[in-house]
Amino acid sequence: MEDVLRFVHVLGATVLFGTGMGIAFFMVMAHRTGDPAKIAHVAGTVVIADAVFTATAVILQPVTGVWLAHLIGWPLTEGWIVLSVTLYIVTGLFWLPVVVIQVQLRDLARAAAASESPLPERYYRLYKVWFAFGFPAFFAVLGILWLMLTRPSIELPFLQ
Ligand code: HEM
């Protein structure tokens, strides 16, 4: 059971990281074309990919993680777990607005493509926020991966 859970948990981690990186890369490449129709198409696909892959992994990851900890015997107050969960919350706080922004970017690009007009100022403002929010989320996930793989013994003063 532990092996199966670990497999599902690591699979979730790869989906989370891989989909996140893929989505960011394709969105940036579409944005760089400056073509509203191309941006609308890619942003539309990105919104679906986030709903199907990322959201599923986002929900499954803490479930399989807490279950694994229970099976192995790690207390949830263990330093590396507390830090990982904190980073996970940080990631979520940056990821949720990004999901909303992606829908808005898609809609703005669709409207511009339909009316054959250039992308509005609001599109560029939202894109900047979308781009900036990706960095803390990316580094927080890197931190989680590091903590999960090395499981350092960290003494958190407030948990003594
Ligand atoms: C959010 C709550 C989470 C909890 C409670 C949790 C808990 C755990 C536990 C207990 C293990 C097994 C440790 C051991 O073998 O002794 C583990 C392994 C692992 N976790 Fe998590 N995890 C969480 C989220 C994540 C996230 C978000 C990622 C990556 C994005 C991740 C990536 C991994 C990886 C790659 C391993 C395998 C490490 C190894 O076997 O060497 N976990 N996790």
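Hi everyone, this is a short walk through the iron site and the helix packing of this structure. Please keep in mind that we are looking at a predicted model.

Let's start with the metal. Which protein atoms bind the iron atom of the ligand? They are NE2 of His9 and SD of Met148, at 2.0 to 2.2 Å from the iron. The site has 6 donor atoms, the angles among them run from 84 to 179°, and its geometry is octahedral. For reference, six octahedral donors would ideally show angles of 90 or 180 degrees.

Now find those two residues in the chain. His9 sits in helix α1, residues 2-33, while Met148 belongs to helix α4, residues 121-150. They are 139 residues apart, so this pair links distant parts of the chain. Are they buried or exposed? His9 has 12% relative accessibility and counts as buried, whereas Met148, at 28%, is partly exposed.

On to the helices. α1 and α2 pack at about 155°, with 8 Å between their axes. That angle makes the two roughly antiparallel, and their crossing is left-handed. In their contact you'll find 21 nonpolar residues, along with 9 polar and 4 charged.

Next, follow α2, residues 36-72, to α3, residues 79-114. Here the packing angle is about 160° and the axes lie 9 Å apart, so α2 and α3 are roughly antiparallel to each other. This crossing, too, is left-handed. The contact of α2 with α3 holds 20 nonpolar, 4 polar and 3 charged residues.

Thanks for listening, everyone!

Notes
Residues numbered from 1 in each chain as written. Predicted model: local features only at pLDDT ≥ 70, side-chain atom pairs only at ≥ 80, totals over all residues. Heavy atoms only, no water. Donors = N, O, S within 2.8 Å, 3.2 Å for Na, K, Ca; no water. Tetrahedral: all angles 85-135°; square planar, octahedral: opposite > 155°, others 65-115°. Helix = DSSP H or I, 4+ residues; strand = E, 2+ residues; numbered from the N terminus. Buried < 20%, exposed > 50% of the residue type's maximum accessible area, 1.4 Å probe, protein only. Axes fitted to C-alpha atoms, helices over the stretch in contact; angles between N-to-C directions. Parallel < 35°, antiparallel > 145°, perpendicular 65-115°, else oblique. Left-handed = near helix turned anticlockwise from the far one by under 90°. Nonpolar A, V, L, I, M, F, W, Y, C, P; charged D, E, K, R; others polar.
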